[in-house]
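Trainee: I'd love to go through this structure with you, one question at a time. Could we start with the charged pairs and then move on to the core and the pocket?

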Amino acid sequence: MLMDGFDRGVVPLIGLAMLALAFVAFVLALVAREDAYRAAGKQTKTFWLVILGITVLVDFFLGMLFLQIAGLVATIVFFVDVRPALKQVSGGGRRRGGSSSDGPYGPYNGGR
């Protein structure tokens, strides 16, 4: 009885979370520039779109656990390795305005 509730409640929520994560990764891969992938030394944009697109389709339609786990690994690799490299290459990782020594009320001058 407990396992039946787990199979009907928790497992679908985990599947939905994996689908949402894969979809967000697919959209982020889609909006990134093609040359940023090459400049970052990563696989091509087409490669990541195919891998993440297949992951979204598997998570949405098939629901096969082995393929879902493989897609989850690919999604995690995209978020942990590829996305930060793309942001660094395209200049998205820097703060806008001010320097790193700025405080909430202006620059910190070391007590001067």
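Mentor: Happy to! This is a predicted model. Let's begin with Asp-81 and Lys-42, whose side chains meet in a salt bridge, N to O at 3.1 Å.

Trainee: How many residues apart in sequence are the parts that the pair of Asp-81 and Lys-42 ties together?

Mentor: Place each partner in its element. Asp-81 belongs to helix H4 (residues 65–90). Lys-42 sits in the loop between helix H2 (34–40) and helix H3 (45–62). The pair therefore ties together parts separated in sequence by 39 residues.

Trainee: Is Lys-42 buried, partly exposed or exposed?

Mentor: Buried would need a relative accessible area under 20%, and exposed one over 50%. Asp-81, its partner in the salt bridge, has 37% and counts as partly exposed. Lys-42 has 26% relative accessibility, so this residue is partly exposed.

Trainee: Which residue meets Arg-33 in a salt bridge?

Mentor: Side chains of opposite charge can pair when their charged atoms come close. The structure holds 2 salt bridges. For Arg-33, which is partly exposed at 44%, the N to O distance is 3.0 Å. The partner, itself partly exposed at 35%, is Asp-35.

Trainee: Now the inside. Which elements give two or more residues to the largest nonpolar core?

Mentor: The largest nonpolar core has 11 residues in all, including Ala-25, Tyr-37, Trp-48 and Phe-78. Helix H1 spans residues 2–31. The elements giving two or more residues to this core are H1, H2, H3 and H4.

Trainee: Which residues does Tyr-37 touch, leaving out those up to four places away in sequence?

Mentor: Tyr-37 is part of the largest nonpolar core, as are several of its contacts, among them Ala-29, Ala-32 and Trp-48. Lys-42, which pairs with Asp-81, is also touched by Tyr-37. The full set is Ala-29, Ala-32, Lys-42, Gln-43, Thr-44, Lys-45, Trp-48, Phe-78, Val-82 and Leu-86.

Trainee: And the largest pocket: which element gives the most to its lining?

Mentor: The largest pocket has a volume of about 160 Å³. Two or more lining residues come from each of H1, H3 and H4. With 6 residues, the element that gives the most is H1.

Trainee: How many residues of that lining are nonpolar, polar and charged?

Mentor: The lining includes Val-11, Ile-14, Gly-15, Asp-59 and Gln-68. Gly counts as polar here, which matters for sorting Gly-15 and Gly-63, both in the lining. The lining divides into 7 nonpolar, 3 polar and 1 charged.

Technical notes:
Residues numbered from 1 in each chain as written. Predicted model: local features only at pLDDT ≥ 70, side-chain atom pairs only at ≥ 80, totals over all residues. Heavy atoms only, no water. Salt bridge = Lys/Arg side-chain N within 4 Å of Asp/Glu carboxyl O. Buried < 20%, exposed > 50% of the residue type's maximum accessible area, 1.4 Å probe, protein only. Helix = DSSP H or I, 4+ residues; strand = E, 2+ residues; numbered from the N terminus. Core = buried A, V, L, I, M, F, W, Y, C linked by side-chain atoms within 4.5 Å. Contact = heavy atoms within 4.5 Å. 1 Å grid on protein atoms, 1.4 Å probe; cavity = no way out; pocket = protein on both sides within 12 Å on 5 of 7 lines; lining within 4 Å. Points joined across faces, edges and corners; volume = space filled by probe spheres on them.
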